[in-house]
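Student: Could we go through this structure together? I'd like to start with the space inside and then move on to the cysteines.

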Amino acid sequence: AGLENPGAFGAFISGLLLTLVCYFSVVFPHLWPENMFWFVIVAVDYLLILYLFWKLEHTEPGFDNTGKIKNDGTIMTIVDIAAQDAHSPKQYSFCTHCEIVIPERTKHCKLCDRCCNGFDHHCVWLRTCIGKDNHRLFVLFLFLLPLDNFLFVRAVVSVLISITGSHNPLIILKHGAYYEKYMFFLLICNFLTGLFGALTLIFQLSVVSVRETTYFDSEGRMAFMRKRIRKGTSFIGRLKTLKQFFFNPDMWYNNKVNALLV
């Protein structure tokens, strides 16, 4: 197994907590009570983020301890691997770490040292794999996190406008950089984090809408850092697939990409 660097996870937790403290101890007093509506929105968003974070930390991503199951219900073994037809289009491999035959859409994660079903990627910010059983939670988390980041940016800008009495961006930025360094630093961090999170969310929705993951294409082939071929996928089909992903993830995982064809 690899040794994961905890730096990214620590930076994420620190940023989340510093933003939380700054908002409710520094930003919020400047905006109350005129911005009570936004206070409620931010508070609910933070609670949902903390809940989903807890769920992601305590939900297994889909680690596989059994391996490939044959049509007759028995477990495929290394003997079956040795007996595979060399000309068969579907070739299975054996994981020497987990000692199982690797099923479709499954990859061994070196950092977790486990084989993960529906493998998307290993998230260094959360210290966990994203797979079949927590992929939906991860995408929902990506909805809420950039929202929180941009709400914080909006709140800090409102405070700086209130303090300076100006809507001139240069005056606001200069005052923040010189006199409100704590808020200004977190404003920059939250803006960049929100931008990164929003782009990641867009990418996740684009692959999920055609029954792909970051690592696998819709046919279960390794697609990471490779050109993906998506022929015959309709907009309506993508929307239906997204609906299935959020409300019936097991069906999304098991269905074939043919359901998306025009």
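**Cavity and cysteines**

Tutor: Keeping in mind that this is a predicted model, we can begin with the largest cavity, whose lining is made up of Y23, L31, W38, V42, L151, R154 and A155.

Student: Okay, and which elements give two or more residues to that lining?

Tutor: Those elements are α1 (7-31), α2 (36-58) and α4 (135-164), and of the elements it is α4 that gives the most, with three residues.

Student: How many of the lining residues are nonpolar, polar or charged?

Tutor: Sorted by class, the lining of the largest cavity has six nonpolar residues and one charged residue, while no polar residues take part.

Student: How much space is in there, and how many cavities of 30 Å³ or more does a search find?

Tutor: The largest cavity holds about 30 Å³ of space, and a search of the whole structure finds one cavity of 30 Å³ or more.

Student: Switching topic, how many disulfides does the structure hold?

Tutor: It holds zero disulfides.

Student: Why is C95 not bonded to C115?

Tutor: The closest cysteine sulfur to that of C95 belongs to C115, and it is 3.5 Å away, which is too far for a bond, because a disulfide needs the two sulfur atoms to be within 2.5 Å.

Student: And what about C123, where is its nearest cysteine sulfur?

Tutor: For C123 the nearest cysteine sulfur is that of C129, at 9.9 Å, and C123 is in no disulfide.

Student: Are C95 and C123 buried or exposed?

Tutor: C95 counts as buried because its relative accessibility is 4%, and C123 counts as buried too, with a relative accessibility of 5%, since the cut-off for buried is under 20%.

Terms used:
Residues numbered from 1 in each chain as written. Predicted model: local features only at pLDDT ≥ 70, side-chain atom pairs only at ≥ 80, totals over all residues. Heavy atoms only, no water. 1 Å grid on protein atoms, 1.4 Å probe; cavity = no way out; pocket = protein on both sides within 12 Å on 5 of 7 lines; lining within 4 Å. Points joined across faces, edges and corners; volume = space filled by probe spheres on them. Helix = DSSP H or I, 4+ residues; strand = E, 2+ residues; numbered from the N terminus. Nonpolar A, V, L, I, M, F, W, Y, C, P; charged D, E, K, R; others polar. Buried < 20%, exposed > 50% of the residue type's maximum accessible area, 1.4 Å probe, protein only.
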